[in-house]
Amino acid sequence: MASVDPLPRDLPTSGTPRSGEAAPPLVWKRARVDGRPVVYGVAGEGHPALFLHGWGLGQHTYKAVLGRLAHLGTRVFAPAQPGFGGTPDLPGREFSLGGYANWAGRFLEAVKVDEPALVVGHSFGGGVAIRLAHDRPDLVRALVLVNSIGGSAWNAGSVVKTLAERPIWDWGLHLRGDILPLPQARKVLPVILEDALPNLVRNPRALWKVGQLARRADLTAELEELKRRGLPVVVLWGNRDTLIPRESFEAICRAVGTEGEVVEGTHSWLLADPETFGEVITNVVDVAKVARAMEQAGGSEPERRSRFRPLGHRGT
């Protein structure tokens, strides 16, 4: 069962799209999915968009990114996924990427999204987004994967191995290095800690379990199926990301049949530069809007897919 409840205190915040432009207000609300509460942010008007956050984070971390999405003419929904932001864990029997994807589908029903959405996933959220698009094609009109899990490839010296074989200590070393030495650390670290510290205190077990789920994820078969269906997919990756290595990004691109888009930055580049994030996904947002209009006018599926123009590489 799913239902929606506004919070007693709707709290507007801002994610400024660019200097001199006001962002649509971001409001916090509460829904119930399977009878259990979830807090989510919602902003903007227009084509529905679902934003799925990364490992250890939550909906608050991405306020500026959500502002950019709303500014592009979407009504963006950003829930705290199970195990994070106070949302209860998935039941044990449902704990899998497929379980998270099923939950995301039920969330869309809870907030009364009654048409296919643009789905954007960062890191772990990208893996959930892939499974959602694969398992529930009726809910996804286009997909944006930002430094996503799912490629399962890692260069261990001269040998390419699976990410599941990467030692835990190596992940931890690069997680620290992905944030702290950067010039933008002063900007990125506070927004990450806004969700990460409460999540660590509230539910450390969920961080460990979801981290293990993420490192074992191999979604090659699902991505190849999305390619067969012709779903518009944009794959974004920061050229200094040491958590999701280039080999994993390239494996995702091969499976889904796209060159992908390489931007300047690390695993958390969209938090440091939400304006660039908005710029690079403008095309896919436009495609989703065109597809929506053609559906309403009775256009065919091949016609709708033909309007999608893949992005090219920017970085190195």
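These exercises work through helix packing, strand pairing and one aromatic pair in a predicted model.

**Exercise 1. Classify the packing of α3 against α7, and describe the contact by residue class.**

Step 1. Take the geometry. Helix α3 covers residues 124-135 and helix α7 covers residues 220-229. Their axes lie 9 Å apart, at an angle of about 50 degrees.

Step 2. Apply the cut-offs. Angles of 65 to 115 degrees count as roughly perpendicular, and those under 35 as roughly parallel. α3 and α7 are therefore oblique to each other.

Step 3. Add the hand. The crossing of α3 past α7 is left-handed.

Step 4. List the residues. From α3 come Ile130, Arg131, Ala133 and His134. They meet Glu222, Leu223, Glu225, Leu226 and Arg229 of α7. By class, this contact of α3 with α7 holds four nonpolar, one polar and four charged residues.

**Exercise 2. Do the same for α2 against α3.**

Step 1. Helix α2 spans residues 97-110. It packs on α3 at about 75 degrees, with the axes 8 Å apart.

Step 2. The range for roughly perpendicular is 65 to 115 degrees. α2 and α3 are therefore roughly perpendicular to each other.

Step 3. On the α2 side, the contact uses Leu97, Gly98, Tyr100, Ala101, Ala104 and Gly105. On the α3 side, it uses Phe124, Gly127, Val128, Arg131, Leu132 and Asp135. The contact of α2 with α3 divides into seven nonpolar, three polar and two charged residues.

Step 4. Look back at Exercise 1. Arg131 of α3 meets α7, and Arg131 also appears in the contact with α2.

**Exercise 3. Trace the pairing of β3 with β2 and with β5.**

Step 1. Start with β2 (residues 27-33) and β3 (residues 36-43). Seven bridges pair them in the antiparallel sense. Val33 stands opposite Arg36 in β3.

Step 2. Inspect the turn. The hairpin of β2 and β3 has two residues between the strands. Asp34 there takes a positive phi near 55 degrees.

Step 3. Move to β5 (residues 74-79). β3 and β5 run antiparallel, joined by four bridges. Here Gly41 stands opposite Ala78 in β5.

**Exercise 4. Describe the aromatic pair of Phe51 and Tyr62, and say which parts the pair ties together.**

Step 1. Set the context. The whole structure has eight aromatic pairs.

Step 2. Read the geometry. The rings of Phe51 and Tyr62 are 4.7 Å apart, centre to centre, with 50 degrees between the planes. The pair is tilted.

Step 3. Place the residues. Phe51 lies in strand β4 (residues 47-52), and Tyr62 in the loop between β4 and α1 (63-71), so the pair ties together parts eleven residues apart in sequence.

Notes
Residues are numbered from 1 along each chain as its sequence is written. This is a predicted model: local features need pLDDT of at least 70, side-chain atom pairs count only at pLDDT 80 or more; totals for chains, interfaces and linings use all residues. Side-chain values use heavy atoms; hydrogens and water are left out. Axes are lines fitted to C-alpha atoms, for helices over the stretch in contact, and angles run from 0 to 180 degrees between N-to-C directions. Angles under 35 degrees count as roughly parallel, over 145 as roughly antiparallel, 65 to 115 as roughly perpendicular and the rest as oblique. A crossing is left-handed if the near helix is turned anticlockwise from the far one by less than a right angle, and right-handed if clockwise. Contact means heavy atoms within 4.5 Å. Ala, Val, Leu, Ile, Met, Phe, Trp, Tyr, Cys and Pro count as nonpolar, Asp, Glu, Lys and Arg as charged, and the others, Gly among them, as polar. Two strands pair if DSSP finds at least two bridges between them. Rings of Phe, Tyr and Trp (its six-membered ring) pair if their centres lie within 6.5 Å; planes under 30 degrees apart count as stacked, over 60 as edge-to-face and the rest as tilted.
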